[in-house]
Amino acid sequence: MAEPHKSGSRDADAETLSRLWERVVPLFASLEGQLDTLLTRRHGIGLGPLMALGALAGERPCSVTVSGLARRLGVSVSAASRMLTHLERSGWTARTAWPCDRRTSHVTVTDAGLALWTRASRTLEHELDAAFRALRFDERYAHVVARLCRTGDTMPQD
(Lines give C-alpha, C1' and ligand atoms only; values in the text may rest on other atoms or scores of the structure.)
Protein backbone atom coordinates (compact mmCIF):
# COMPACT_ATOMS: atom_id res chain seq x y z
CA MET A 1 0.00 0.00 0.00
CA ALA A 2 1.36 3.43 -0.94
CA GLU A 3 2.05 5.89 1.80
CA PRO A 4 -0.16 8.98 1.78
CA HIS A 5 1.42 12.32 0.94
CA LYS A 6 2.04 14.51 3.91
CA SER A 7 0.95 18.09 3.39
CA GLY A 8 4.35 19.37 4.53
CA SER A 9 6.03 17.25 1.88
CA ARG A 10 3.87 18.77 -0.85
CA ASP A 11 4.65 22.29 0.35
CA ALA A 12 8.37 21.51 0.41
CA ASP A 13 8.20 20.02 -3.10
CA ALA A 14 6.33 23.09 -4.38
CA GLU A 15 8.85 25.41 -2.75
CA THR A 16 11.76 23.45 -4.26
CA LEU A 17 10.17 23.60 -7.70
CA SER A 18 9.45 27.29 -7.27
CA ARG A 19 13.10 27.99 -6.41
CA LEU A 20 14.21 25.87 -9.36
CA TRP A 21 11.91 27.84 -11.68
CA GLU A 22 13.29 31.12 -10.32
CA ARG A 23 16.74 29.95 -11.42
CA VAL A 24 15.69 28.46 -14.75
CA VAL A 25 14.02 31.62 -16.09
CA PRO A 26 17.06 33.93 -15.85
CA LEU A 27 19.35 31.11 -16.98
CA PHE A 28 17.18 30.53 -20.04
CA ALA A 29 16.93 34.26 -20.81
CA SER A 30 20.68 34.67 -20.58
CA LEU A 31 21.43 31.66 -22.79
CA GLU A 32 18.74 32.67 -25.27
CA GLY A 33 20.24 36.13 -25.70
CA GLN A 34 23.78 34.81 -26.09
CA LEU A 35 22.73 32.14 -28.59
CA ASP A 36 20.61 34.57 -30.59
CA THR A 37 23.54 36.99 -30.93
CA LEU A 38 26.02 34.26 -31.82
CA LEU A 39 23.76 32.57 -34.38
CA THR A 40 22.92 35.90 -36.01
CA ARG A 41 26.59 36.82 -36.25
CA ARG A 42 27.77 33.43 -37.56
CA HIS A 43 24.84 32.30 -39.68
CA GLY A 44 22.59 35.32 -40.28
CA ILE A 45 19.65 33.81 -38.41
CA GLY A 46 18.38 34.32 -34.87
CA LEU A 47 17.43 31.59 -32.44
CA GLY A 48 13.63 31.84 -32.91
CA PRO A 49 13.70 31.65 -36.70
CA LEU A 50 16.28 28.85 -36.47
CA MET A 51 13.92 26.87 -34.25
CA ALA A 52 11.17 27.40 -36.85
CA LEU A 53 13.53 26.22 -39.58
CA GLY A 54 14.40 23.17 -37.48
CA ALA A 55 10.74 22.31 -37.00
CA LEU A 56 10.21 22.50 -40.76
CA ALA A 57 13.37 20.48 -41.45
CA GLY A 58 12.06 17.79 -39.14
CA GLU A 59 8.86 17.53 -41.16
CA ARG A 60 10.56 17.43 -44.55
CA PRO A 61 9.37 16.54 -47.16
CA CYS A 62 5.93 17.29 -45.71
CA SER A 63 4.62 20.80 -45.22
CA VAL A 64 3.34 22.42 -42.04
CA THR A 65 0.58 24.98 -41.53
CA VAL A 66 1.44 28.29 -39.92
CA SER A 67 -0.82 27.49 -36.96
CA GLY A 68 0.77 24.04 -36.61
CA LEU A 69 4.21 25.61 -36.49
CA ALA A 70 3.00 28.18 -33.95
CA ARG A 71 1.75 25.40 -31.68
CA ARG A 72 4.99 23.50 -32.03
CA LEU A 73 7.09 26.56 -31.16
CA GLY A 74 4.76 27.78 -28.42
CA VAL A 75 4.22 31.18 -30.05
CA SER A 76 1.21 33.01 -31.45
CA VAL A 77 0.13 32.46 -35.04
CA SER A 78 1.04 36.06 -35.87
CA ALA A 79 4.56 35.60 -34.40
CA ALA A 80 5.01 32.39 -36.40
CA SER A 81 3.75 34.12 -39.53
CA ARG A 82 6.25 36.98 -39.06
CA MET A 83 9.09 34.48 -38.60
CA LEU A 84 8.02 32.58 -41.69
CA THR A 85 7.81 35.77 -43.75
CA HIS A 86 11.44 36.51 -42.85
CA LEU A 87 12.49 32.93 -43.64
CA GLU A 88 10.61 33.01 -46.94
CA ARG A 89 12.15 36.35 -48.00
CA SER A 90 15.57 34.89 -47.22
CA GLY A 91 14.86 31.90 -49.47
CA TRP A 92 14.95 29.37 -46.61
CA THR A 93 11.26 28.40 -46.79
CA ALA A 94 8.49 28.30 -49.37
CA ARG A 95 4.83 28.99 -48.62
CA THR A 96 1.97 27.57 -50.67
CA ALA A 97 -1.72 28.43 -50.38
CA TRP A 98 -3.84 25.40 -49.60
CA PRO A 99 -6.12 24.75 -52.60
CA CYS A 100 -9.19 23.94 -50.47
CA ASP A 101 -8.86 27.02 -48.27
CA ARG A 102 -6.86 29.97 -49.60
CA ARG A 103 -6.63 31.43 -46.09
CA THR A 104 -4.45 28.51 -45.02
CA SER A 105 -0.90 28.20 -46.22
CA HIS A 106 1.52 25.32 -45.96
CA VAL A 107 5.22 25.91 -45.47
CA THR A 108 8.19 23.76 -46.42
CA VAL A 109 11.91 24.20 -45.91
CA THR A 110 13.95 24.80 -49.07
CA ASP A 111 17.29 23.15 -49.83
CA ALA A 112 19.01 26.39 -48.82
CA GLY A 113 17.06 26.41 -45.56
CA LEU A 114 17.97 22.80 -44.87
CA ALA A 115 21.65 23.54 -45.48
CA LEU A 116 21.46 26.53 -43.11
CA TRP A 117 19.70 24.40 -40.47
CA THR A 118 22.41 21.76 -40.73
CA ARG A 119 25.23 24.29 -40.25
CA ALA A 120 23.57 26.45 -37.61
CA SER A 121 22.20 23.55 -35.56
CA ARG A 122 25.76 22.24 -35.17
CA THR A 123 26.76 25.62 -33.78
CA LEU A 124 23.71 25.64 -31.51
CA GLU A 125 24.45 22.16 -30.15
CA HIS A 126 28.12 22.97 -29.59
CA GLU A 127 27.34 26.23 -27.79
CA LEU A 128 24.66 24.66 -25.59
CA ASP A 129 27.01 21.86 -24.59
CA ALA A 130 29.74 24.39 -23.74
CA ALA A 131 27.31 26.59 -21.80
CA PHE A 132 25.98 23.71 -19.71
CA ARG A 133 29.50 22.41 -19.03
CA ALA A 134 30.51 25.86 -17.77
CA LEU A 135 27.32 26.37 -15.76
CA ARG A 136 27.84 23.10 -13.88
CA PHE A 137 30.62 24.87 -11.98
CA ASP A 138 28.73 28.11 -11.34
CA GLU A 139 27.35 28.08 -7.78
CA ARG A 140 24.22 29.94 -8.85
CA TYR A 141 23.26 27.38 -11.48
CA ALA A 142 24.99 24.08 -10.71
CA HIS A 143 21.91 22.48 -9.16
CA VAL A 144 19.69 23.69 -12.00
CA VAL A 145 22.03 22.33 -14.66
CA ALA A 146 22.26 19.03 -12.78
CA ARG A 147 18.47 18.70 -12.88
CA LEU A 148 18.25 19.74 -16.52
CA CYS A 149 21.04 17.41 -17.63
CA ARG A 150 20.14 14.29 -15.71
CA THR A 151 21.66 11.23 -17.22
CA GLY A 152 19.49 8.36 -18.28
CA ASP A 153 17.16 7.87 -21.15
CA THR A 154 13.96 7.30 -19.25
CA MET A 155 11.33 9.95 -18.87
CA PRO A 156 9.64 10.43 -15.50
CA GLN A 157 6.36 8.59 -15.21
CA ASP A 158 3.18 10.31 -14.04
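**View 1. Thr123 and the residues it touches.** In this predicted model, Thr123 touches Leu38, Leu39, Arg42 and His43, leaving aside residues up to four places away in sequence. Thr123 itself is found in helix H5. Is Thr123 buried or exposed? Its relative accessible area is 12%, and buried means under 20%, so Thr123 counts as buried.

**View 2. The largest pocket and its lining.** Here we look into the largest pocket, which holds about 290 Å³ of space. Three helices each give two or more residues to its lining: H1 (7–43), H2 (47–59) and H5 (111–135). Which of them gives the largest share? That's H1, with six residues. The lining has 13 residues, and those that lie nearest the pocket's centre are Phe28, Glu32, Leu35, Leu47 and Leu128. Sort the lining by chemistry and you get eleven nonpolar residues, one polar and one charged.

**View 3. Helix H2 and its buried residues.** Try a quick ruler check on H2: it has 13 residues, so at 1.5 Å a residue you'd expect a span of 18 Å. The C-alpha atoms at its two ends sit 19 Å apart, which agrees. Now look for the buried residues in H2: they are Leu47, Pro49, Leu50, Ala52, Leu53, Gly54, Ala55, Leu56 and Ala57. You've met one of these already, because Leu47 is also among the residues nearest the centre of the largest pocket.

**View 4. The two sides of helix H4.** Helix H4 (residues 77–89) gets the ruler check too: its 13 residues should span 18 Å at 1.5 Å a residue, and its end C-alpha atoms are 18 Å apart, which agrees. Which residues of H4 are buried? They are Ala79, Ala80, Met83, Leu84 and Leu87. These five cover an arc of only 130 degrees around the axis, so they end up on the same side of H4. Arg82 and Arg89, on the other side of H4, are exposed.

**View 5. What H4 packs against, and what follows it.** The buried residues of H4 pack against two helices, H2 and H3 (66–73), and two strands, E2 (93–98) and E3 (101–109). So what about the backbone after the helix? H4 is followed by Gly91, and the phi of Gly91 is positive, near 85 degrees.

Note on methods:
Residues numbered from 1 in each chain as written. Predicted model: local features only at pLDDT ≥ 70, side-chain atom pairs only at ≥ 80, totals over all residues. Heavy atoms only, no water. 1 Å grid on protein atoms, 1.4 Å probe; cavity = no way out; pocket = protein on both sides within 12 Å on 5 of 7 lines; lining within 4 Å. Points joined across faces, edges and corners; volume = space filled by probe spheres on them. Helix = DSSP H or I, 4+ residues; strand = E, 2+ residues; numbered from the N terminus. Nonpolar A, V, L, I, M, F, W, Y, C, P; charged D, E, K, R; others polar. Expected span 1.5 Å × (residues − 1). Buried < 20%, exposed > 50% of the residue type's maximum accessible area, 1.4 Å probe, protein only. Arc of directions from axis to C-beta. Contact = heavy atoms within 4.5 Å.
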